[in-house]
Amino acid sequence: MNVDNYFKYLTCNPEDLSWGIYLTVAGRAELAPGSAYPPRGHPKGYHFNWVNGRVLKEYQINYITQGEGVMETQTGKFTVKPGMVIILRPDLWHRYKPVKEKGWTEHYIGFKGEIAERIIGKNTLLNRSPLIHIGFHKDVLDDFNGVLDLVRNEKPGYQQVAAGLLMHILGRIVSTVRGRNFSGSSIEDSIQKACLVIRDNVNRPLRIEQLARDLDINYSLFRKAFKKYTGLSPNQYLLSLRIAQAANLLISSQESIKNISSGLGFCSVYYFSKLFRIKTGQTPGAYRASSLPAK
């Protein structure tokens, strides 16, 4: 087997399908300048020519680590550079190839499942564009190589372990894009400090406007930057922590719902119960009852 160029199309058993995310193909190809693309050997439905392009019935991610190429979809034409991840969705017409004079090195994974639908289909960062630049990430490359090692051997449970590595790759992509405008900046340091202060004050009154002043940041700027960094506004971040703490207290203590509510700074038990149900799908009482051992 050529360790530099390898791909494998995968089978799935019922347990793999029920896992919620499963791999259909994984591969790596190092295309020298002037090489035909795509390489031979791919089955019908995956192989394509430049004139007709291709439509897949699965998700695929393709990490380009060397070389350069071009890509087209219904939405436009794109230049593919090293450090970019191509993200393909089911039913998206596309075509891409390396520039003949340069070639490229690609690492790709195809996958399906209801979790894949939730992660990519509903994540604006992952479905905003078919190309995302993440640069060179050793951890991401190690995960791609780890997936290849797993599919080569096909040991029992390899699909589940490979799916975990795939989730890690997708998480790294999202984290990289979210943090791109913050890395090493003073606002990033301030947001991280704010997160620590909020966590330390889950059980105490806390005014976010005052927190911004303490950090010497305009509140409007702070709120926008915090949400872009964490995905939640400061108040929603605090609320999520308080709901999580309430859920833990409902299970691990005998405190009354009223005492838990007031102890976490909610203005009334009614307001607390309403928010708890919105966040968890259950009232506090039902949540506590569901955690009790069956008689």
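Let's begin inside the protein: strands E3 and E8 each supply at least two residues of the lining of the largest cavity. Keep in mind as we go that this is a predicted model. A search of the whole structure turns up one cavity of 30 Å³ or more, and the volume of the largest cavity is about 130 Å³. Its lining is made up of 13 residues, and the closest to its centre are Tyr37, His42, Arg54, Tyr96 and Tyr108. Sorted by class, the lining of this cavity divides into eight nonpolar, three polar and two charged residues.

Tyr96 is a handy stepping stone to the aromatic side chains. The whole structure holds 15 aromatic pairs. In one of them, Tyr96 and Trp104 are tilted, at 6.1 Å centre to centre with 45 degrees between the planes. Tyr96 and Trp104 are both buried.

Strands E3 and E8 come up again when we turn to helix H2, which spans residues 114–121. Which residues of H2 are buried? They are Ile115, Ala116, Ile119 and Ile120. These residues lie on the same side of H2, because they cover an arc of only 110 degrees around the axis. The spacing fits a familiar rule: an α-helix has 3.6 residues a turn, so residues three or four places apart point the same way. As for what covers the buried residues of H2, the list includes strands E3 (59–67), E6 (84–88) and E8 (104–112), together with helices H3 (124–127) and H5 (158–179).

Now let's move along the chain to the largest pocket, which encloses about 260 Å³ of space. Of the 14 residues that line this pocket, Asn235, Leu238, Leu239, Arg242 and Gly265 are the closest to its centre. Helix H9 (234–252) and helix H11 (269–280) each supply at least two residues of the lining. Which of the elements gives the most to the lining of the largest pocket? That is H9, with five residues. By class, the pocket lining has ten nonpolar, three polar and one charged residues.

Our last stop is a second look at the aromatic rings. Phe266, Tyr271, Phe272, Phe276 and Tyr287 are linked into a cluster by ring pairs. Why does the pair of Phe266 and Phe272 count as tilted? The ring centres of Phe266 and Phe272 are 5.0 Å apart and their planes stand at 50 degrees, so the pair is tilted; planes under 30 degrees apart would count as stacked and those over 60 as edge-to-face. Phe266 is buried, with a relative accessible area of 9%, and Phe272 is buried too, at 0%.

Conventions
Residues numbered from 1 in each chain as written. Predicted model: local features only at pLDDT ≥ 70, side-chain atom pairs only at ≥ 80, totals over all residues. Heavy atoms only, no water. Buried < 20%, exposed > 50% of the residue type's maximum accessible area, 1.4 Å probe, protein only. Helix = DSSP H or I, 4+ residues; strand = E, 2+ residues; numbered from the N terminus. Arc of directions from axis to C-beta. Contact = heavy atoms within 4.5 Å. 1 Å grid on protein atoms, 1.4 Å probe; cavity = no way out; pocket = protein on both sides within 12 Å on 5 of 7 lines; lining within 4 Å. Points joined across faces, edges and corners; volume = space filled by probe spheres on them. Nonpolar A, V, L, I, M, F, W, Y, C, P; charged D, E, K, R; others polar. Phe/Tyr/Trp six-rings, centres within 6.5 Å; stacked < 30°, edge-to-face > 60°.
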